[in-house]
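Here is a short tour of one model, written for someone who would rather be at the bench. Have the structure open beside you as you read.

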Amino acid sequence: MSSATRLYLSNDTSARAAGAGLLADAWADRPEVQLIRLSSRGAFFLEPMVERDGPDGRMAWFNVTPDDLPSILSGIGGVPVRSIPFLANQTRYTFANFGETEPLALDEYQAHGGLAGLEAAFRLTPDAIIEELRVSQLRGRGGAAFPVWNKWKVAQQTKALEKYVVANADEGDAGTYCDRMILEGDPFRLLEGMLICARAIGASRGYVYCRQEYPAAAATLRAAIQKADEAELLELDGEPFPIEVVEGAGSYVCGEETALLESLEGKRGVVRARPPYPAQAGLYGRPTIVSNVLTFATIPNIVSRGGAWHASLGTEQSRGTIALQLGGRVKHPGLVEVPFGLSLRQVLDQFGGGMAPGSRFKAVQVGGPLGSLFPATGLDLPICYDAFAKAGAVLGHGGIVVYDHETDMVDLARHFMAFTADESCGKCTPCRIGSVRGREILERIQAGSGTMDDLRLLDDLGETMKLTSLCALGGRAPYPVLTAIEHFSGEFRNKLRM
Ligand code: SF4
């Protein structure tokens, strides 16, 4: 038996970016160390974080360098993992395995409750699975927040020779990374959720549309699919259920479900007019469920624990937990899973740890590049779909980016409109032309040659884009610009030509 000490180190891309790979290289030839590469706990401000077994659970060392090895081996300076406030105060269900299991160890996945949802699904009829989803009140976690059971019911009831399940892993919102973490850290959970969906709607094939910028995620997922196939998991009622990973080509709009389907069919990623909806006529015109990775990963727990369990968490209109991804000028960036209902202020104070050293709060943006900007007076907004909708905002994919006192809000607004101009698929005029005109106006203001008329024009343009764009990219693009003008009007006025 080896006398080497087992040390646990994350292999997640963010952990590697923080130096986990350098540690692994430095300790690769040390006979006294047996290094186990795990998923990340999501406390990225502590990475590289090294753990070892202790008498009462794992002990952790933070921001480790290669020279810290003697201390770790002699047990000096470690902190019990369960006492880390950032982790201890979370309510982790979808992310319960993170930091605990090896991503590609199917036996570990099962030992931690994995596949219990699929086994439960095999004991239920397709109608009963969908009923559990209805009771759970799960809403899609990708942005539109549509009730999941409703889409499944439509796909189930639509007659077709073939049906498909598509996981949207084109996670393109700035400041979001929870899908990537699942793909890299707990890939069998995604596959399990897709299999449950396939059984409920009668699908025969699955696809994961993975963004090109996630090479490690795509590789891990392909390896997981192979392992699941070898374990004969990719079968439903005796028929094969193959799952294929398809990499995108770097287009933001392909995160929109119909553009994604076009791209999956090998065409240019252009948004389709709806109806019909993908659940009626999606991939190759067949009924297709398209949901993001986090949504599928949430489903195994719902089916194994029951829909009522999920409905008991969160708020009246927003049941369950939400995976928030803290980023920007916050002290503690990382993944936070909590029930819906906490306020932005609670999340930023309790988990974000306040502002990064030397920074003062200026604004926070929730929901990616199409999300509204809030000043400090907006921090008491509860994080749930209805409260955000009332405030004209979106939760999107749960990204929370904090901006500090040095942020130029005019330039930030220009950046977001330029982003839309670059990423517009070009199908509808308000977005294709409006985003270019919007960017030009903001460039004018930024250069000091804008006028009050330009601010009025931005307001008109924003309303037109909101009301007449075909999809959320054009429809939401004005929100960061208009909320920046609303809350930071002084900065815009100071740059106008007198
Ligand atoms: S709003 Fe923009 S991205 Fe959406 S369909 Fe129209 S042009 Fe394409």
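A residue is taken to be near a molecule if one of its heavy atoms lies within 4 Å of it. Keep in mind as well that this is a predicted model.

With that cut-off, the ligand has 13 residues around it, and Ser424, Cys425, Cys428, Cys431 and Cys471 come nearest. Sorted by class, the shell around the ligand holds eight nonpolar residues, four polar ones and one charged one.

Now let us turn to the sheet. It is an open sheet built from four strands in the order 10-7-6-11, and their pairing is parallel. Strand 10 (243-247) and strand 11 (288-292) each have a single partner strand and stand at the edges, so one side of each is left without a neighbour in the sheet. From one strand to the next, the twist averages 20 degrees. Strand 6 (residues 164-169) and strand 7 (residues 205-210) run parallel and are joined by six bridges. If you would like a pair to look for there, asparagine 168 stands opposite tyrosine 209 in strand 7.

Helix 13 (residues 293-305) packs on this sheet, where it touches strand 6 and strand 11. The direction of helix 13 makes about 95 degrees with that of strand 11.

Helix 13 also has a helical partner. In general, two packed helices are described by the angle between their axes and the distance between the axes. Here the partner is helix 10 (residues 187-201): the two axes come within 7 Å and cross at roughly 75 degrees. Angles of 65 to 115 degrees count as roughly perpendicular, so helix 10 is roughly perpendicular to helix 13. The table shows who takes part in this contact.

| Helix | Residues in the contact |
|---|---|
| Helix 10 | Arg189, Leu190, Glu192, Gly193, Met194, Ile196 and Cys197 |
| Helix 13 | Val293, Phe296, Ala297, Ile299, Pro300, Asn301 and Val303 |

By class, the residues of this contact divide into 10 nonpolar, two polar and two charged.

One last stop is serine 71, which is found in helix 3 (residues 69-74). Is serine 71 buried, exposed or partly exposed? Its relative accessibility is 29%, so serine 71 counts as partly exposed. Not counting residues up to four places away in sequence, serine 71 touches Trp61 and Ile76. Serine 71 and isoleucine 289 are 218 residues apart in sequence, and 51 Å separate them in space, C-alpha to C-alpha.

How values were computed
Residues are numbered from 1 along each chain as its sequence is written. This is a predicted model: local features need pLDDT of at least 70, side-chain atom pairs count only at pLDDT 80 or more; totals for chains, interfaces and linings use all residues. Side-chain values use heavy atoms; hydrogens and water are left out. Ala, Val, Leu, Ile, Met, Phe, Trp, Tyr, Cys and Pro count as nonpolar, Asp, Glu, Lys and Arg as charged, and the others, Gly among them, as polar. Two strands pair if DSSP finds at least two bridges between them. Helices (H or I, at least four residues) and strands (E, at least two) are DSSP runs, numbered from the N terminus. Axes are lines fitted to C-alpha atoms, for helices over the stretch in contact, and angles run from 0 to 180 degrees between N-to-C directions. Contact means heavy atoms within 4.5 Å. Angles under 35 degrees count as roughly parallel, over 145 as roughly antiparallel, 65 to 115 as roughly perpendicular and the rest as oblique. Buried means under 20% relative accessible area, exposed over 50%, partly exposed in between (1.4 Å probe, protein chains only).
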